[in-house]
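Me: Please show me the structure. I am new to it and have some questions.

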Amino acid sequence: TGLREVAEQFREQHNWLVMGRGEQAATSWEGALVLKEAATVHSEGIHMAELKHGPLALVDEQMPVIVVCTRERRGGAPEGGGDQQMYEKVKSSLQQVLARQGRPIVILNEAEAA
């Protein structure tokens, strides 16, 4: 799906959840701030480890959830290598969002999208 189609699908939404894990948590916080500033909507950036401590209760079929699900490069690992255990935890959080009928927008590394 192209970015224009995603924007059209979610343009009437006024509440957003943006989440990431590890180094991507800061990306989620910044993304939520940019949504607030640019789109003048309510958005919350969270670390995925906090999902079960409140934010998951807000997720339903109306809630768009941006999931930053990129593999991190650690210790000179090749592009796309990253920490497999952390990546699996991110996928688990995404499954929890889907189980509550959430509307995820997943941001992946280019290699992961294939």
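What follows is a set of questions and answers on a helix and the sheet beside it.

Me: In what order do the strands form the open sheet?
Reply: This is a predicted model. Its open sheet is formed by 4 strands, and the pairing is parallel. The order is β2-β1-β3-β4.

Me: Which strands stand at the edges, each with a single partner strand?
Reply: The sheet runs in the order β2-β1-β3-β4. Two of these strands have a single partner each, so one side of each is left without a neighbour in the sheet. The strands at the edges are β2 and β4.

Me: Which residue in β2 does Asn15 stand opposite?
Reply: β1 and β2 pair in the parallel sense over 6 bridges. Opposite Asn15, in β2, is His42.

Me: What does the direction of α2 make with that of β2?
Reply: Helix α2 packs on the sheet, where it touches β1, β2 and β3. Its direction and that of β2 make an angle of about 175°.

Me: Why are the buried residues of α2 on the same side?
Reply: The buried residues of α2 are Gln24, Ala25, Ser28, Ala32 and Leu35. They lie on the same side of α2 because the arc they cover around the axis is only 115°.

Me: Which residues on the other side of α2 are exposed?
Reply: What covers the buried residues of α2 includes β1, β2 and β3. On the other side of the helix, the exposed residues are Glu37 and Ala38.

Me: How many Å does α2 reach from its first C-alpha to its last?
Reply: Helix α2 spans residues 24-39 and has 16 residues. At 1.5 Å a residue, 22 Å is expected. The helix comes close to that, reaching 21 Å.

How values were computed
Residues are numbered from 1 along each chain as its sequence is written. This is a predicted model: local features need pLDDT of at least 70, side-chain atom pairs count only at pLDDT 80 or more; totals for chains, interfaces and linings use all residues. Side-chain values use heavy atoms; hydrogens and water are left out. Helices (H or I, at least four residues) and strands (E, at least two) are DSSP runs, numbered from the N terminus. The expected span of a helix is 1.5 Å times one less than its number of residues. Buried means under 20% relative accessible area, exposed over 50%, partly exposed in between (1.4 Å probe, protein chains only). The arc is that of the directions from the helix axis to the C-beta atoms. Contact means heavy atoms within 4.5 Å. Two strands pair if DSSP finds at least two bridges between them. Axes are lines fitted to C-alpha atoms, for helices over the stretch in contact, and angles run from 0 to 180 degrees between N-to-C directions.
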